[in-house]
Amino acid sequence: MAQRPTIVGNWKMNGSRAMLVEARAIDRVAARYKDVAVSLAPPFPLIALLRDEVSAIGVGGQDCHAAAKGPHTGDVSAALLADIGADFVIVGHSERRRDHGETDAGVLAKAQAALTAGLGVIVCVGETLDQRDAGQATAVVEAQIEGSLPQGEAACEAAALGRLAVAYEPVWAIGTGRVAEVGDVVAMHAAIRARLDARFGDAAARITVLYGGSVTGDNAAALLSAPGVGGALVGGASLTAEAFGPIIAAASAG
Ligand code: PGA
């Protein structure tokens, strides 16, 4: 059975209690498009509040610590995210890699912690503009896949259950309004898929690969219908139902 397209809204460091009204409106849109798996990742303090307000969408975190608990001031564990009702967590977003010096090994540890806590996990990868211009985009992303994704039997089991996803987000396309060419997206998704097949075998078929970077209602249809693109990770255009709704609609067959 074909998997439902997945549309994930990453609110980043945006949001407020007042914005729960948008989450409710997004939830109502999602309820109309049951053939699309929709979710939102708000900032930590809004996760439990948002969870109580929605029923048709999944709710996730934007990061977690690799340890289950302990002396890590300001951090949040995957176990706590699961405890307050999160379904998944995004790890290795390029803004975390940039702002917090996160490495592939650190991202891998977080992804493993998320799976241990019973969460789904979206691992982000993507090249910078310098790397693309230097012809290194595919090699960079392949190295991130190798270094950031969990492995071993537990990871294969999680993948087979559909709890593992990858988001390809070219860094230069995030928040810039500059979208990657569909042909480049298709080529990169194929390269990622080949790595996933080699690593996860049959279970790789259940790993969704999302595209992210300046996705809007205007370009979503072209990106989402591209071969190998299983959905989108959306930043700016996920903050209101007015902007996010058309992306959900574009992902729907109906
Ligand atoms: P953007 O962000 O849609 O605002 O470009 C995407 C992301 O970083 O997940």
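**Exercise 1. How do the residues of the shell around the ligand divide into nonpolar, polar and charged?**

Solution. The model is predicted, and the classification is applied to the residues of the ligand shell. Four of these residues are nonpolar, seven are polar and two are charged. Among the 13 residues around the ligand, those that come nearest are Lys12, His93, Glu169, Gly175 and Ser214.

**Exercise 2. Find the distances from the ligand's oxygen atoms to polar side-chain atoms of lysine 12, histidine 93 and glutamate 169, and state how much of the ligand the protein covers.**

Solution. Begin with lysine 12, where a polar side-chain atom lies 2.7 Å from an oxygen atom of the ligand. For histidine 93, the distance from a polar side-chain atom to a ligand oxygen is 2.6 Å, and for glutamate 169 an N or O atom of the side chain is 2.7 Å from an oxygen atom of the ligand. On its own the ligand has 280 Å² of accessible area, of which the protein covers 95%.

**Exercise 3. Describe how helix 5 and helix 7 are arranged, and which residues form their contact.**

Solution. The axes of helix 5 (residues 104–116) and helix 7 (residues 137–148) come within 8 Å and cross at roughly 45 degrees. Helix 5 is therefore oblique to helix 7. From helix 5, Asp104, Ala105, Val107, Leu108 and Ala111 take part, and they meet Ala143, Gln144, Gly147 and Ser148 of helix 7. Sorted by character, the residues of this contact comprise five nonpolar, three polar and one charged.

**Exercise 4. Locate glycine 228 and identify the residues it touches beyond its sequence neighbourhood.**

Solution. Glycine 228 belongs to the loop between helix 10 (220–224) and strand 8 (231–234). When residues up to four places away in sequence are not counted, glycine 228 touches His189 and Val209. Valine 91 is 137 residues from glycine 228 in sequence, and their C-alpha atoms are 21 Å apart in space.

Note on methods: Residues numbered from 1 in each chain as written. Predicted model: local features only at pLDDT ≥ 70, side-chain atom pairs only at ≥ 80, totals over all residues. Heavy atoms only, no water. Axes fitted to C-alpha atoms, helices over the stretch in contact; angles between N-to-C directions. Helix = DSSP H or I, 4+ residues; strand = E, 2+ residues; numbered from the N terminus. Parallel < 35°, antiparallel > 145°, perpendicular 65-115°, else oblique. Contact = heavy atoms within 4.5 Å. Nonpolar A, V, L, I, M, F, W, Y, C, P; charged D, E, K, R; others polar. Near = heavy atom within 4 Å. Polar contact = N/O pair within 3.5 Å; in protein donor to acceptor, adjacent residues only side chain to side chain. Areas by Shrake-Rupley, 256 points an atom, 1.4 Å probe, with all protein chains shown as cover.
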